[in-house]
Amino acid sequence: MDKKNRNALIAGNWKMNMLASQVPAYWQGLEPGAKLAEGVSSALCVPFPLIPAVKAALAGSQVKVGAQDVSSHDKGAYTGEVSAAQLADLGVDYCIIGHSERRAYHGESDGLVNEKLKALLGAGITPIMCCGESLEQRDAGVTLSFVESQIKGGLEGIGPEEMKKVVIAYEPIWAIGTGRTATAEQAQEVCGYIRGVLGKLYGEELAKGVQILYGGSMNGKNAKELLAQPDIDGGLIGGASLKPEFADIIGAANE
Ligand code: PGA
């Protein structure tokens, strides 16, 4: 199995943006361009309270609904948290975990990301597990070893059958929301390296089937070149997913 046999995934990450009342107009702008070619999937990962509104707007579309975080706990006295079962109950198909903003502002460790990943798999939701280095780490030449440690930590105890249901997103922190996209070569280098790490953990055949996304200032203009890289199977898109431009990125994946 190689790139031709892996599906593409274009996932939007709305972060803490949008109101339920804005969803219908947003979808009206996006829908005409949000047709998916065979082998292309798409999802919008939205704030928890917007899930029902987005789910309703997307009814009849091929675009799926995702969340941006999940509790590592099943249920109980965890004020403010949202469980994987609650997300599944709302019809959520994907969930981002380990985003660098959660790691930075909420102190999320690889161990916690690992617990969240297991919670999602238990609920039948596809985890999109994020990794990526800071500018300091890139400048210090430790990008590959750091990303490798995040991958190994996040996937601790995950067997091969479970791994087939996990999506990885490589998002260099210095490229997120900065307009400074990694070059296609930089993004490919790390995504290819991640596939190599997965190969060592799970065998090459399985690694060849894992979807690896790039994220960090991906937009309608640079998507085509990034998506053409042999180990980049899609994108995790922040800013551009809030605009009709998101359809241009889907278009680039359709090609
Ligand atoms: P960006 O965000 O596309 O706005 O850089 C990507 C992300 O944080 O997932």
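These are my notes on the two largest pockets of this predicted model.

**Entry 1: the largest pocket**

I started with the volume and got about 570 Å³ of space for the largest pocket. Next I pulled up its lining, which comes to 23 residues. Closest to the centre I found Phe 48, Gln 68, Asp 69, Arg 102 and His 106.

Which elements give two or more residues to this lining? I looked, and they are helix 4, spanning 100–106, and helix 5, spanning 110–122. Helix 4 supplies the largest share, 4 residues. I then sorted the lining by class and noted 9 nonpolar, 7 polar and 7 charged residues.

**Entry 2: the second largest pocket**

I moved on to the second largest pocket and wrote down about 310 Å³ of space. How many residues line this one? I have 20 down for it. Nearest its centre lie Lys 3, Ala 8, Leu 227, Ala 253 and Glu 255.

For the elements, I again looked for those that give two or more residues to the lining, and here I got helix 11 at 223–227 and helix 12 at 246–254. The largest share is from helix 12, with 3 residues. By class, I logged this lining as 8 nonpolar, 5 polar and 7 charged.

**Entry 3: quick recap**

For my own reference: helix 4 goes with the largest pocket as its top contributor, and helix 12 has that role for the second largest pocket.

Note on methods. Residues numbered from 1 in each chain as written. Predicted model: local features only at pLDDT ≥ 70, side-chain atom pairs only at ≥ 80, totals over all residues. Heavy atoms only, no water. 1 Å grid on protein atoms, 1.4 Å probe; cavity = no way out; pocket = protein on both sides within 12 Å on 5 of 7 lines; lining within 4 Å. Points joined across faces, edges and corners; volume = space filled by probe spheres on them. Nonpolar A, V, L, I, M, F, W, Y, C, P; charged D, E, K, R; others polar.
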